[in-house]
Amino acid sequence: MRFKKALLTLVPAAALLTVVSGCSSGGSANSSSNSSSSSSSSATTMTIATDDGSPTFQDNFNPFLAANMRKGVAWIYETLYYINSQDGKETPWLATSYKWDTPTQLTFTIRDGVKWNDGQPFTADDVAFTFNMLKKYPALDTQGVWQSLDSVTASGSNVVFKFKQPDSPDFTYINIVPIVPKHVWSKVSDPTTFTNADNPVGTGAYMLDKYSPYQYTMKRNPNYWQADKIQIPELKFPALNGADTVDLNLSKGEYDWTQAYVPDIQKTYVSKDPQNNHYWYAPSDASNIVFNDQKFPFNNVKFRQALEYGINRQELSTKGENGYDTPADPTGLRLPGQDKYLDKSLAAQYPYEYDPQKAAQLLQSMGLKKNSSGQYVGPDGKPIEFTIIVPTGWNDWITDCNLIKDELGKIGITVDVQTPSFTTWMTNIQSGQYGMTFTTGLNLYDPWFYYNLYLNSANAGGNGKKAHGNYENWNDPATDKLLAEYKATTDDAKKTQIIQQLEKTMLTQVPLIPLFYNANWNQYSTKKYEGWPDANNPYATPSFTIPDIEMIMTHLTVKK
């Protein structure tokens, strides 16, 4: 059984693409019949396996409604800036520049000459309207930008964002919000139910062409402001309804691009056409071992450091994650993209490579001794043993847990692997009723998001409060102070200094252990198209989401 991880609140994970299916004739929802036509099989039509039909499509191109939203919206709508989550590099997009006027005021200058795909001009008013619509309808504010925003106003070609208090990380969230046209959405009586099905209007490189519940196609936007960079005339999105079908169709060369978990990718895909079939699983958020820092033995830093040396990240990557998820850096930084933040001298002092002897030395330095069975015993004379819990069916994590059990068993620590239901697992980790578990963090575009999620005491539990992210219940005023200082500054040099102090906390105090980076599943063919992002040219994260998709489409070219 292949693994599948769920998306949790603040706990995103590499998810399995579940569906794919063949296309068949069917009814027309709003424009024309499905198109398994000759044109859609032409050499320049890109077939993309991304949209779950369940089993057929529902006609929803509202970029703010996650339920049943078509993935094609990523080709229709754009954001103010593009931020590459691999390295945090910022690229002006619908805005040409920005500046922090004060720590509570951010001003964007909006790009001239941009048009909506219906030919109407794009203006600063559209940007202000979009954000104020999210304020009026909180259900649409999926990024939670109005938790910190005070006002958004347009003035000429500028849009001014005022914050209730300094919150520089919100720059990231603002630049994830898709901008929609005022002249369309201001006439919508209730945007929380608006499906935007009839010719959705956006500034993006593509626009909806033909739609059916089984397949839709998109064509180039003739008014696109970067039209000279868009070479692929048509995109085809067949409805997906089964992972096995995805694997089969992928191996037969029926998709040009997909993002699926594929067992034995070399055999299933690459070997079918080694010259053209490729994959790049860009590193994403780190999966981590977390433990209850408030309870023995995890409340002793030497024990936590011993775990760092006693757990073999490379083995977990190779055996538990099939080599797809690469070992994570002990700091939690997403390397190599976030290398600019790494304090290399500090990292050299705490390499935390697999070293059972070093782990044993640390345990002995705690005053622990082994019993006749070779188990370390605690102050109460009983063997040190604890449970590690992960949800049932999450097979890769279960494999990882059994590997950890074996590794720690070799140095005298007894671990019991348990696999409760997801609901029980979540309840237990939120309430601190666990010894050790796995979670996956949020590492958007700079390391602050990762550290804030896991180390901010505001996200910890205790005294009847449920933990959200900080499941290890790390409660350290100095850490909270650093996280707050980061939010309050717009100075990049100071931000780096703060991140490096948080790295020091990770390495010296080991509040949790980053294990491996979750992979962004991504398979692509160079038979018809070139210019894909890869490990040698990670100009974008391969993702079928706003705003990554627009950056990628402006780089792809039709092969001559």
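**Cores, sheet and helix α7 in a predicted model**

Reader: In the largest nonpolar core of this predicted model, which residues touch the most other members?
Author: The largest nonpolar core holds 151 residues. A second, separate core has 15 residues, including Tyr255, Val262, Tyr269 and Tyr281. Within the largest core, the residues that touch the most other members are Trp75, Phe131, Phe161 and Trp257.

Reader: Which strands stand at the edges of the open sheet?
Author: Seven strands form this sheet with mixed pairing, in the order β8-β9-β10-β1-β11-β20-β12. Each edge strand has a single partner, so one of its sides is left without a neighbour in the sheet. The edge strands are β8 (206-211) and β12 (277-279).

Reader: Which residue in β9 does Tyr206 stand opposite?
Author: Strands β8 and β9 (residues 215-220) run antiparallel and are joined by five bridges. Opposite Tyr206, in β9, stands Arg220.

Reader: Is Leu515 buried or exposed?
Author: Leu515 belongs to strand β19 (residues 513-520). Among the residues it touches are Ile289, Ile311, Leu316, Pro327 and Phe438. Buried means under 20% relative accessible area. The relative accessible area of Leu515 is 0%, so Leu515 is buried.

Reader: How far apart in space are Leu515 and Ala328, C-alpha to C-alpha?
Author: Leu515 touches Ala328. The two are 187 residues apart in sequence. In space, their C-alpha to C-alpha distance is 5.1 Å.

Reader: Which residue caps the N-terminal end of α7?
Author: Helix α7 spans residues 301-310, and eight of its 10 residues are buried, among them Phe303, Leu307 and Tyr309. At its N-terminal end, a side-chain oxygen of the capping residue lies 2.8 Å from the backbone nitrogen of Lys302. The cap is Asn300.

Notes: Residues are numbered from 1 along each chain as its sequence is written. This is a predicted model: local features need pLDDT of at least 70, side-chain atom pairs count only at pLDDT 80 or more; totals for chains, interfaces and linings use all residues. Side-chain values use heavy atoms; hydrogens and water are left out. Buried means under 20% relative accessible area, exposed over 50%, partly exposed in between (1.4 Å probe, protein chains only). Helices (H or I, at least four residues) and strands (E, at least two) are DSSP runs, numbered from the N terminus. A polar contact is a pair of N or O atoms within 3.5 Å; within protein, one must be able to donate a hydrogen and the other to accept it, and residues adjacent in sequence count only if both atoms are side-chain atoms. A nonpolar core is a set of buried Ala, Val, Leu, Ile, Met, Phe, Trp, Tyr and Cys residues joined through side-chain atoms within 4.5 Å. Two strands pair if DSSP finds at least two bridges between them. Contact means heavy atoms within 4.5 Å. Lists of a residue's contacts leave out its neighbours within four places in sequence.
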